Each structure stands twice: as C-alpha cells, then as structure tokens.
Amino acid sequence: MPQQTYFIKKALLSQGWAKNVRLGVDDKGLIVSLKTNVSAEQDDHRLGLVIPGLVNCHSHAFQRAMAGLTEYQVSPTDTFWSWRKTMYRFANLVSPEDLQDIASYLYLEMIKQGYTSVAEFHYVHHQPNGKPYSSVSQLSQSVINAANIAGINLTLLPVLYMNAGFGDQALLDDQKRFGNSVDSYLALHDEATRYCSDQSQHSVGMALHSLRAVPARSMTEVISHFKGRVHSCPIHIHIAEQTQEVEQSIKVLGKRPVEWLLDNHDIDKQWCLIHATHMTPKETAEVAKSGATVGICPTTEANLGDGFFPLRQYLDDGGQIAIGSDGNTCTNPIEELRWLEYGQRLLSRTRNVASDDRERHTGTNLYSHCLEGGARSIGQKTGALKLGGRADLIVLDDNSADLANIAADSILDVLIFGTSQSLIKDVMVNGTWKITNYHHADEERIRNTFISATKALRD
Ligand SMILES: [Zn+2]
C-alpha cells in the first residue's frame with residue numbers, strides 16, 4: 001500500500017517523458033504504484049517536472065575540505081603526482097570527527113545539486129602513524145554517520161590499499177593511514193558492514209585502490225572472497241587514470257592496466273572501473289562488452305590533467321557510464337555532465353558527441369546513460385522511476401525562465417547546457433523529501449559544523 005501518492009504533470013520514465021503520472025511510495029521509500037495519463041486524486045501531492053536523481057559513483061569525502069587549495073604553482077611541471085603530495089599532507093590531518101563534519105556538508109551539497117546516492121571510495125582507515133583506531137572501522141563509521149546526517153543513500157566502499165607502487169613497494173610514511181593486509185582489510189570490512197546494517201539502510205561494496213596499490217595475488221584473494229560471499233557486492237577500482245601509471249604497468253606487469261585487468265579477472269557488471277581514461281580501442285571495446293561500468297569524473301580528470309575518456313567509441317560499443325565527483329572540487333552532477341560533453345567537443349572539434357541515432361538530444365542521452373550506469377555501479381534499485389525502484393527523485397523548478405515554453409524532450413538539454421542557474425528545487429531520497437524549495441532542513445547547522453571543522457585544517 002502506498003503511504004503517499006504524487007500526481008506529476010511531466011515525469012521522465014525509462015521509456016521517456018510521460019504526462020499526468022500518479023506515483024505511490026510506501027513507507028520503505030519504494031515506488032509501489034505507477035500510472036500514466038490518469039487524473040489526480042484528492043489526497044495526491046502535486047508535482048510539476050520530475051526526473052530521477054543521479055548516482056555519484058566515486059567520491060573521496062575528505063578532499064572536499066581542500067578544494068581550491070592546490071591551485072597554485074609549486075613547479076612549472078606540476079602534475080597529478082605533485083598534487084598527490086599535498087593531498088597526502090591533508091589526509092594525515094583529518095580526525096574521525098573532522099571526516100564526519102566534512103562529509104555531512106559534502107553530502108548535503110550533493111543532494112541539493114541532484115545526487116541522491118553516493119559511492120564513497122574510502123581509503124583513509126587508520127591513525128596517521130598507521131595504528132588502527134580501537135574500532136578498526138572508525139573512519140568508515142564517520143562516513144556512514146555523515147550520510148545519515150545529510151540523508152543521502154550511501155554505498156560505502158572500504159578500499160584495500162597495500163603498496164606505494166607497482167612491484168610491492170612498501171607504503172610511504174604519509175600512506176600509512178591507508179594500509180591493510182588482506183586479513184586486516186576483511187576484518188575492517190566486516191566491522192564496517194555490521195555498523196552500517198545496525199545504523200542504516202545503506203549498502204557496502206568493496207574497492208581495490210589500483211593495480212599499483214594492490215599486488216596481483218592479494219587482489220585475487222580478496223576478490224574471490226567477495227565474489228563467492230556476496231554476489232551483488234560492487235567492486236570498484238581506480239584504473240588507467242594517468243599515462244605514467246600505464247607505463248609502469250607495462251614495465252612491471254607486462255601489460256597496460258585495463259588489458260591486465262581484463263586478462264586476469266572476470267570483469268562483469270559487478271565491476272566499476274574508475275577513470276579508465278587511457279585505453280586502446282581494443283580495451284575500450286572489451287570493457288564495453290564486459291558489462292562493467294566506467295566511472296568518469298570529468299571535473300577531477302580536468303583538474304588533475306588526466307586526459308580524455310574515449311566516450312564516443314565506448315558508447316558506440318554499448319558501454320555503461322556513470323558520473324563521479326572524485327576529488328570534490330565540484331559537487332554538481334549537471335556540471336560534470338556538461339564538462340564530459342564539452343571536453344569531447346574540444347577534443348573532436350565537433351558538437352553533440354554524446355548523442356546518437358537512438359537519442360539525438362545530447363542532454364537526455366547523457367543523463368539517461370548516467371542514470372542506468374550509476375545504478376549498476378552500486379547495484380541498487382535507483383536511477384529510474386519504476387515499480388519496485390527507490391523513490392529517489394528531483395523536482396525541477398517549472399517557474400524558472402529557463403524552462404518556460406520548453407518542450408519535454410529539450411528539458412534535460414536546457415538543464416545541462418542551457419543555464420548555469422540551479423533548476424533543482426526539491427529532492428526526494430528514498431521516499432523522503434531532503435531538499436524543499438532549494439533548502440535542506442538542517443542546512444545551517446551542517447554548514448556551521450563544516451566551517452568549524454575545516455578551520456584548523458585550512459590554517
Ligand atoms: Zn578517486
């Protein structure tokens with residue numbers, strides 16, 4: 001039985017835009033009734049323009065507090081690797097309380113801008129000297145608490161991080177907080193999973209930091225544990241983000257990173273490959289065919305000078321994509337989608353790269369791809385307004401000048417490419433309104449807590 005019913009003037013369903021939609025949501029936040037071309041009934045809540053909320057497939061929450069603080073030149077040859085030194089310094093200052101306060105504010109910002117779920121790729125586990133906290137999953141618990149405070153759907157991805165680089169290099173001093181053996185990782189994962197199920201409805205997947213940080217034998221061991229035990233457990237990995245990483249992989253493993261992964265593991269829809277920026281056409285085709293999702297993080301990839309993802313070929317080959325905020329210099333999925341397309345236009349000197357014969361509207365095509373791939377990347381029933389799915393949705397501001405007199409099939413084009421104003425007025429997560437009229441009920445408190453927590457860190 002629906003606990004609440006909504007009458008929606010126009011809603012984006014999986015098959016396209018529909019008019020006069022009645023949607024019933026039960027007390028677990030699931031969609032239990034859905035009809036189109038019907039009339040409103042007396043107790044219906046009335047909504048104008050509704051689209052599904054997006055999944056953020058890749059976030060490192062603590063990095064939100066250092067956004068903007070690495071944008072000065074240390075050397076004329078600044079790269080990802082010089083940025084990483086600053087990031088490590090910062091990572092080593094963050095306490096469990098700081099992380100909770102930073103992530104609460106970050107997740108609030110994400111919800112306001114249209115993300116209704118986030119996958120947190122969480123690798124800061126221990127005290128700065130590498131000693132575990134008395135609760136080994138203390139920092140994972142901070143992330144879970146933050147998701148509860150802000151009200152976003154979380155998929156926690158505790159990260160296995162073992163080495164400083166290819167060839168079993170020992171962790172550097174400033175990487176000690178990240179390190180685990182396979183056994184200590186599994187113990188941490190177990191404790192975090194118990195805490196998560198006691199405290200919330202959130203889910204837990206697993207992540208391998210990268211081929212450079214996890215040796216091949218440990219990767220096999222830990223994957224067989226999760227593949228056997230929890231079939232739907234998402235597995236995420238950073239891969240082929242930087243050309244230097246590709247070169248080192250060839251030198252040590254004898255293969256390019258994506259090539260090595262495809263040859264050594266059964267890559268399927270349980271996997272989400274984060275970045276996968278540097279792929280050959282053959283690798284691109286094989287990843288697309290595998291059913292895995294590629295998590296593209298356009299603003300971070302631009303910020304760090306990573307390179308361009310081979311989007312057109314990958315979509316032509318039937319690949320799945322999701323969008324991620326990664327370093328959290330940008331928490332707006334609309335901007336991520338815009339930059340994804342604009343990067344491709346600048347590179348190819350053509351327009352509407354992400355559209356195709358089936359869907360000529362670039363905004364609609366990008367948004368729809370990321371809804372589907374985002375849900376797949378976390379193995380959750382989100383990303384679509386359909387029976388049995390989670391009621392994760394966005395109400396667009398139909399009073400805005402930008403959306404006035406716009407036909408339904410251009411709405412997402414306008415949202416992504418037609419304005420720099422936010423058109424996201426209300427957001428429902430798991431059946432509960434989290435943003436109403438552009439505002440989160442606990443916004444001032446969460447923002448003030450973030451400001452206090454980051455004062456010492458930023459000083
Ligand atoms: Zn990342």
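**Reading a sheet and a domain boundary**

Guide: In this predicted model, the domain assignment divides the protein into domain 1, made of 4-52 + 384-442, and domain 2, made of 54-378. The centres of the two domains, taken over C-alpha atoms, are separated by 29 Å.

Visitor: In what order do the strands of the open sheet lie?

Guide: The open sheet has eight strands in the order β3-β2-β1-β4-β14-β15-β16-β17, and its pairing is mixed.

Visitor: Why is one side of β3 and of β17 left without a neighbour in the sheet?

Guide: β3 (31-35) and β17 (439-440) stand at the edges and have a single partner strand each, so one side of each lacks a neighbour in the sheet. Helix α2 (residues 96-112) packs on this sheet, where it touches β15, β16 (432-436) and β17. The direction of α2 makes about 115 degrees with that of β15.

Visitor: In which sense do β1 and β2 pair, parallel or antiparallel?

Guide: Strand β1 (residues 4-13) pairs with strand β2 (residues 16-25) in the antiparallel sense, over nine bridges. One pair to locate in the structure is Gln4, whose bridge partner in β2 is Val25. The two strands are joined by a hairpin through two residues.

Visitor: In which sense does β1 pair with β4?

Guide: With strand β4 (residues 45-52), β1 pairs in the parallel sense, over five bridges. Here Ile8 may serve as a marker, as this residue stands opposite Leu47 in β4.

Visitor: How many bridges link β14 and β15?

Guide: Strand β14 (residues 393-396) and strand β15 (residues 424-429) are linked by four bridges, in the antiparallel sense. Leu396 has Ile424 of β15 as its bridge partner.

Visitor: Let us turn to the boundary between the domains. How is the size of an interface often given?

Guide: It is often expressed as the accessible area lost when the parts come together. For this structure, one may instead consider residues in contact: 20 residues of domain 1 contact 21 residues of domain 2.

Visitor: Which elements supply the side of domain 1 that touches domain 2?

Guide: At least two residues of that side come from each of α13 (411-418), β15 and β16. Of the elements, α13 gives the most, with five residues.

Visitor: How do the residues of that side of domain 1 divide into nonpolar, polar and charged?

Guide: On the side of domain 1 that touches domain 2, eleven residues are nonpolar, five are polar and four are charged.

Definitions and conventions. Residues numbered from 1 in each chain as written. Predicted model: local features only at pLDDT ≥ 70, side-chain atom pairs only at ≥ 80, totals over all residues. Pairing = 2+ DSSP bridges. Contact = placed C-beta atoms within 7 Å. Axes fitted to C-alpha atoms, helices over the stretch in contact; angles between N-to-C directions. Domains from an automatic or database assignment. Nonpolar A, V, L, I, M, F, W, Y, C, P; charged D, E, K, R; others polar.
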